[in-house]
Amino acid sequence: MQPRPPHLESAGAVGPGQIILARPISGMPSQPATSTSATAKPLVIAIMGPTASGKTAAALEIARHIPSEIISVDSALVYRGMDIGTAKPSRDELAAAPHHLIDIMEPTQSYSAMQFRDDALRLSAEIHARGKLVLMVGGTMLYFKALRDGLDDLPQADPALRARLDAEAALIGVPGMHAKLAQLDPVTAARLKPNDSQRIQRALEIIELSGQTMSSLLTDRPAPELPFDMLPIALEPSDRSVLHERIARRFDLMLDPQSGGLIGEVETLRARGDLHLGLPSMRCVGYRQTWEYLDGLYGYQELREKGIAATRQLAKRQLTWLRSMPERTVIDCIGDRVADTVLETVTTALKQR
């Protein structure tokens, strides 16, 4: 699980793009009161942030006071058998409030942003119908973007074609695939890094399936209207070095056989015989590095260093996504009582509806 953040002391006003500090909580509603009339849209709370920012603790604090259900917005938590490296909520945490979109896929399968959007919309309607507050919690920013902005009408993935593209990549390398894409779709190739194997493969797959380039299929159509209002709350560090220390401590706990056991977990996954590093599940941070360690590519200390570095890079990408969202309410995640501050922000928003 993600660690609870340390203390924040002063208070600030709630507002988009504004940093909120901690203050005492009072007057919390006993009912979610997600809307004030039959015609008003219900409210969805989106708790987003980089890895190790305390999203789980904040969501569970809300659920402790307001009847809520949690929709996971995490591309790694969907996979069964991947508990330690994904910091999956514990049994006690899962029992504290209903959770959705956790342990729904085998690690051999893929789960797309389009699937997430469909599932999140369906689940939100069901949860609202039960009279509860929807908490969307996670750090997969592409999922949040897909929910908010919709998705272009791109062809579905084709497993056989992907296998052929994987084989081709093994022969000519990812840079070779990027060069191929540059000939077929220079616009898309220009915005992708030459080592971004997953997105390069997807762009080539779209060309073969549709006969059109990804750049020609992506449009600037207006975002679809959501059936609910969303309050985006971003847990962001005022001092990134503190988050980096937290990330290192958490990865060490994952590696520790007593408190974590990530190496053993990956050994179990390898023993299945149907998994490989070309799968999205095994490309998750921590799993790729541990797999390569078990392949003998480097030693334990290098595994630790690579795992921490990859997690820090993930956090950097997540923060970049967040900072492109001016409408978010920012709460400093490296202080104390952060979960209480998030709860008060939500309570205030519900009272104002």
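Where in the chain does A87 lie? In this predicted model, A87 sits in the loop between β3 (68–72) and α2 (91–96). Its phi is positive, about 50°, although A87 is not a glycine. Most residues other than glycine have a negative phi. A87 is also buried, with a relative accessible area of 11%.

A52 is a further case. The phi of A52 is near 70°, a positive value in a residue other than glycine. A52 belongs to the loop between β2 and α1 (55–65). Its relative accessible area is 0%, so A52 counts as buried. A positive phi is also found at G150, where the value is near 80°. G150 follows α4.

The overall make-up of the chain is as follows. The chain holds 13 helices and seven strands. It has 353 residues, of which 48% count as buried. Contacts between residues at least 6 apart in sequence were also examined. Of these, 77% join residues at least 24 apart.

The largest nonpolar core has 48 residues. M48, I71, F116 and M136 have the most contacts inside this core. Several elements give two or more residues to the core. They are the strands β2 (43–48) and β5 (133–138), together with the helices α3 (113–129), α4 (141–149), α9 (240–255), α10 (262–271), α11 (287–294) and α12 (300–322). Another core lies apart from it and has 27 residues. L43, L60, A97 and I334 are among the residues of that core.

I71 shows the surroundings of one residue of the 48-residue core. Residues up to four places away in sequence are set aside here. I71 then touches H100 and L101. It also touches F116, A120, L123, S124 and I127. The remaining partners of I71 are V134, L135, M136 and V137.

Helix α12 was considered next. At 1.5 Å a residue, its 23 residues should span 33 Å. The end C-alpha atoms of α12 are 33 Å apart, which agrees. The buried residues of α12 are L303, G307, I308, A310, T311, A315, Q318, L319 and L322. The cover over these buried residues includes the strands β2 and β6 (229–236). It also includes the helices α4, α9, α10 and α11.

Helix α4 packs with α12 at an angle of about 25°. The axes of the two helices are 10 Å apart. The two helices are therefore roughly parallel to each other, the angle being under 35 degrees. On the α4 side, M141, L142 and K145 make the contact. On the α12 side, the contact is made by Q318, W321 and L322. By type, the contact residues divide into four nonpolar, one polar and one charged. Within α4, the buried residues are M141, Y143, F144, A146 and L147. These residues pack against β2, α3, β5, β6 and α12.

Helices α5 (residues 159–184) and α7 (residues 197–210) form another pair. They pack at an angle of about 90°, with their axes 9 Å apart. That makes α5 roughly perpendicular to α7. From α5, the contact involves L161, R162, R164, L165, D166, V174, M177, H178, K180, L181 and L184. From α7, it involves S197, I200, Q201, R202, A203, L204, E205, I207, E208 and L209. These contact residues divide into eleven nonpolar, three polar and seven charged.

Two residues of this contact, K180 and R202, were followed further. K180 lies in helix α5. With a relative accessible area of 24%, K180 is partly exposed. Apart from neighbours within four places in sequence, K180 is in contact with E168, L204 and E208. K180 and I200 are 20 residues apart along the chain, and their C-alpha atoms are separated by 9.5 Å.

R202 is found in helix α7. R202 counts as buried, at 18% relative accessibility. Buried here means under 20%. Leaving aside neighbours within four places in sequence, the contacts of R202 are L154, P155, Q156, A157, R162 and M214. One of these, R162, is also among the α5 residues that meet α7.

Key:
Residues numbered from 1 in each chain as written. Predicted model: local features only at pLDDT ≥ 70, side-chain atom pairs only at ≥ 80, totals over all residues. Heavy atoms only, no water. Core = buried A, V, L, I, M, F, W, Y, C linked by side-chain atoms within 4.5 Å. Buried < 20%, exposed > 50% of the residue type's maximum accessible area, 1.4 Å probe, protein only. Helix = DSSP H or I, 4+ residues; strand = E, 2+ residues; numbered from the N terminus. Contact = heavy atoms within 4.5 Å. Expected span 1.5 Å × (residues − 1). Axes fitted to C-alpha atoms, helices over the stretch in contact; angles between N-to-C directions. Parallel < 35°, antiparallel > 145°, perpendicular 65-115°, else oblique. Nonpolar A, V, L, I, M, F, W, Y, C, P; charged D, E, K, R; others polar.
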